[in-house]
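Okay, thanks everyone, I'll keep this short. Let me put the structure up, and then we'll walk through the pockets, a helix and some strands.

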Amino acid sequence: MNSNSKEGVILSVDPLSCLHDEPVHIKVSGLKPNQDVTLRTSMKDVRNVQFVSYAHYRANGNGEVDVNEMKSLGGQYKGLFPMGLFGSLVPAPNEYKYTRFFKKDVENPNIVTVGVYDGHVSIEALCVSEEMKPLSSVIHERHYMGPGVQRIPVRYGKVRGSLFLPPGDGPFPGIVDMFGTAGGLLEYRSAQFASRGFASLALAFFNYDDLPKGLEEFDIAYFEEAVEYLLKHEKVMNQNVGAVGVSKGGDLALSMATFIPEVKAAVSVNGCNANVQSDLRVSSRIIPGLQFDISRAKIEDGAIDCFDVLEDSLSLPEAIIPIEEADANFLFLAGCDDKNWKSVEYADRAVDRLMRAGKSNFEVHQYPDTGHLIEPPYSPFSHSSYHKLVRMPLLWGGKTHPHNKAQSHAWPTMLKFLRRFVR
């Protein structure tokens, strides 16, 4: 349905409200035959930063545009890209261009304004001109938490995070969900896991609440306590759990599956096969962390390319996580254009280690033209963004359309893997 229109033009977004990982169908009718138009999306994050996208289309002989069937002629992307107006959202021209979209208020949906404008218009004109009025516009909502999903703050022993539970009595398969060196607590993926039937613990492990502020050392006991919390919960299946991590969280997921018997499935999203940066204490044993040599960094378009910065694990083999010892299954997801580090090489090394041990307990997917930040489907693509740890923008890599295609494949692959092995 359209919320505002003139001159008989009707813009429809179907459905008007949906889960964030679901696609929509955008169509325009009532245009002149072969009329040039610009479609634009706009939304703001919790910091009031505006993100926008736009694409140029030409109506057919019936005065209609259907983004599921028609190619964009220009704008933020070209070609057939049905969800391009969402996956290519970037900071508006008047915003800091290295701003990454972080969903902090997961209990509230993203409010997206979709508009259609006469002619092929630039994004600068769309964002600056007060005289630029849409022919029709629609308000669309994208929810991270499905109906009945619960968010429960967690303070259990030393464990800090948030538990997201699906509706109903359960019990549900449990997973521990972790991110990387941004620190703090990120909940948006766990909210979506719960919307798909998992009890997901969004786990903070530094720079949050009373947790350590830095990355000097972690203790596997902290992650064991997180697993204990899940397995004791009345709505969580009590046999085993899974662990999901991106970037630094990826090597932590591998370590959990290796050193915590109850972790039977680990998903590493652009993670390393070795322990990175922080020492990891496993009982009386210390697994050293690979270090970064920033002198090997390059600068591209004002952002740091860290592809060659991380120390090679071959020079510090004791940092390699002995995943061949794990009684668990592994899923490796790697972007072939990851500029943060050598994710494809790390996944290959992990798989080689498992195969040399006679193991077949793994699945690996490598995605062309895909960068570091593989998110759930239709999340705005970020090629580079400011990183508070290094106090500069980091280059993540990837190209908008193939990166979005990778996200649309990686998410259901992850869900299927976890449903298979977490009980």
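So, let's start with the largest pocket, which has a volume of about 780 Å³. Keep in mind that this is a predicted model. If you want to find the pocket on screen, look for Thr181, Ala182, His387, Leu389 and Trp396, since those lie nearest its centre, out of 38 lining residues. Which strand gives the most to that lining? That's S25, residues 384–387, with 3 residues. As for the character of the walls, we've got 21 nonpolar residues, 12 polar and 5 charged.

Now the second largest pocket. About 330 Å³ of space in this one. Its lining is made of 21 residues, and nearest the centre you'll see Val90, Lys97, Ser382, His383 and Ser384. By class, that lining splits into 10 nonpolar, 7 polar and 4 charged.

Okay, on to the helix I wanted to show you, H5, residues 248–259. H5 has 12 residues, and from first C-alpha to last it reaches 17 Å, close to the 16 Å you'd expect at 1.5 Å a residue. Is H5 buried or exposed? Well, 12 of its 12 residues are buried, so the helix is largely enclosed by the rest of the structure. Buried here means under 20% relative accessible area. And the buried list takes in Lys248 and Asp251 as well as, for instance, Leu252, Leu254, Met256 and Phe259. Remember the general rule: an α-helix has 3.6 residues a turn, so residues three or four places apart point the same way.

Next, strand S13, residues 159–165. Here 7 of the 7 residues are buried, so S13 is also largely enclosed by the rest of the structure. In a regular strand, side chains alternate between the two faces of the sheet. On S13, Val159, Gly161, Leu163 and Leu165 point one way, while Arg160, Ser162 and Phe164 point the other, and all of them are buried.

And what does S13 pair with? On one hand there's S12, residues 150–156, which is antiparallel to S13 over 7 bridges. To pick out one contact, Val154 has Gly161 in S13 as its bridge partner. These two strands form a hairpin with 2 residues between them, and Gly157 in the turn has a positive phi of about 60°. There's also S15, residues 199–204, running antiparallel to S13 and joined to it by 5 bridges. There, Arg160 is bridged to Ala204 in S15.

That's my tour, so over to you for questions.

Methods
Residues are numbered from 1 along each chain as its sequence is written. This is a predicted model: local features need pLDDT of at least 70, side-chain atom pairs count only at pLDDT 80 or more; totals for chains, interfaces and linings use all residues. Side-chain values use heavy atoms; hydrogens and water are left out. On a 1 Å grid over the protein atoms alone, a cavity is a set of points where a 1.4 Å probe fits but cannot get out, and a pocket is an open set with protein on both sides within 12 Å along at least five of seven lines; lining residues have an atom within 4 Å of a point. Grid points are joined across faces, edges and corners, and a volume is the space filled by probe spheres set on the points. Helices (H or I, at least four residues) and strands (E, at least two) are DSSP runs, numbered from the N terminus. Ala, Val, Leu, Ile, Met, Phe, Trp, Tyr, Cys and Pro count as nonpolar, Asp, Glu, Lys and Arg as charged, and the others, Gly among them, as polar. The expected span of a helix is 1.5 Å times one less than its number of residues. Buried means under 20% relative accessible area, exposed over 50%, partly exposed in between (1.4 Å probe, protein chains only). Two strands pair if DSSP finds at least two bridges between them.
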